[in-house]
Amino acid sequence: MNKKASSPGWRVRTDSGACFGPVGMDELRQWARDGRLMATYAVSADGEKTWQPLSELAELEMHDLVEMSAGTYFGPVHRQVVDELIRAGEVPKGASIYRKVAGEDAIAKLEKETLRAESLSGDLKAEKAHAAKLEKQLEKEILRAESLSGDLKAEKVLVQREQGRIRELEDALHDAGARNAALCRAAVDLEAELEALHARQAEYARAPVVIAAEQAFPAAPDPEPVEAPPPQDDPRARLEEQLRRELSRAGRDGFSFLKRK
């Protein structure tokens with residue numbers, strides 16, 4: 001059990017079993033400040049009858065623990081000892097220094113924190129592995145997306161070509177429709193002209209047969225010229241002349257035309 005700071009007769013037992021003392025608390029504190037005491041030592045205030053861990057004496061202020069390297073610790077010791085080690089260059093630059101909380105075992109706490117850190121480190125490694133896996137999957141998806149993008153561009157080019165071809169066909173169809181409409185109009189006009197021609201042929205067919213006879217048989221020699229009266233406008237003669245011209249245009253002669261009728 002702990003003794004009051006003024007209790008005389010403190011004895012110290014080292015890890016090897018050697019004993020020192022008895023000394024007073026003031027001298028014991030000085031030993032702690034000088035770095036002569038270690039937290040693993042034991043102390044007794046009743047003539048070596050009962051011993052207790054030296055780290056339980058809060059009066060010695062041995063609270064600091066130094067991480068000398070990964071997994072290697074020194075202490076807990078007095079802060080003055082840590083400062084001396086730092087000045088002597090024996091503490092690595094950037095080393096972590098832990099302080100014991102009252103009523104708590106610094107080493108046990110450190111071990112817990114170390115286990116927790118190792119657990120977190122394992123979780124971190126697992127997360128890194130998972131992140132690497134996701135990164136590879138992302139790279140594959142990016143490559144797939146780029147491939148699909150290339151295919152899409154090619155498809156767009158083909159679609160544009162087909163659209164151009166469709167426009168060309170539509171233009172050709174429009175032109176063909178226009179030509180067909182023109183041909184239809186021309187056919188209507190020709191049909192109207194043909195009907196008019198047939199009507200004129202029918203009219204000419206109703207003319208006297210003498211016209212055909214004059215064309216079919218040679219005319220008799222003209223008699224001696226006699227003085228005739230001046231020509232007058234003869235509607236019949238005009239109709240006969242018009243009929244001859246029309247029959248000539250139609251590629252027929254009057255005889256064959258009248259023969260069929």
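## A tour that starts at a buried serine

Select Ser44 to begin: with a relative accessibility of just 1%, under the 20% cut-off, this residue counts as buried. Keep in mind as you click around that you're looking at a predicted model.

**Stop 1: around Ser44.** Colour the strands and you'll find Ser44 in β3, which covers residues 42-44. Now show side chains. What does the side chain of Ser44 make a polar contact with? Pick Asp46: the two side chains pair up at 2.7 Å. Then turn on the backbone of Thr50, because the Ser44 side chain also reaches the backbone oxygen there, at 2.8 Å. To see who else is around, set aside the neighbours within four places in sequence; Ser44 is then in contact with Gly9, Trp10, Arg11, Lys49, Thr50 and Trp51.

**Stop 2: the nonpolar core.** Trp10 from that list is also among the residues with the most contacts inside the largest nonpolar core, together with Val12, Leu28, Leu37, Leu54, Leu57 and Leu60. The whole core has 14 residues. Select β1 (10-13) and α1 (25-34), each of which supplies at least two of them. The largest share, four residues, comes from α1. There's a second core too, separate from this one: it has six residues, including Val66, Val77, Val81 and Val82.

**Stop 3: His78.** Next, jump to the loop between β6 (72-77) and α2 (79-87), where His78 is found. Is His78 buried or exposed? Its relative accessibility is 10%, so His78 counts as buried. Show its side chain and you'll see it reach the backbone nitrogen of Gln80 at 3.0 Å. Beyond its neighbours within four places in sequence, His78 is in contact with Ala32, Arg33, Leu60, Glu61 and Met62. You've met Leu60 already, in the largest core.

**Stop 4: Glu61.** Stay with one of those contacts of His78 and select Glu61. This residue lies in the loop between β4 (52-53) and β5 (64-69). Check its backbone angles: phi is near 55°, a positive value in a residue that isn't glycine. With 45% relative accessibility, Glu61 counts as partly exposed.

**Last stop: a cis peptide bond.** Finally, select Gly21 and Pro22. What kind of peptide bond joins Gly21 and Pro22? Look at omega: the angle is about 0°, and the bond is cis. Pro22 is found in strand β2, residues 19-23.

Technical notes:
Residues are numbered from 1 along each chain as its sequence is written. This is a predicted model: local features need pLDDT of at least 70, side-chain atom pairs count only at pLDDT 80 or more; totals for chains, interfaces and linings use all residues. Side-chain values use heavy atoms; hydrogens and water are left out. A nonpolar core is a set of buried Ala, Val, Leu, Ile, Met, Phe, Trp, Tyr and Cys residues joined through side-chain atoms within 4.5 Å. Buried means under 20% relative accessible area, exposed over 50%, partly exposed in between (1.4 Å probe, protein chains only). Helices (H or I, at least four residues) and strands (E, at least two) are DSSP runs, numbered from the N terminus. A polar contact is a pair of N or O atoms within 3.5 Å; within protein, one must be able to donate a hydrogen and the other to accept it, and residues adjacent in sequence count only if both atoms are side-chain atoms. Contact means heavy atoms within 4.5 Å.
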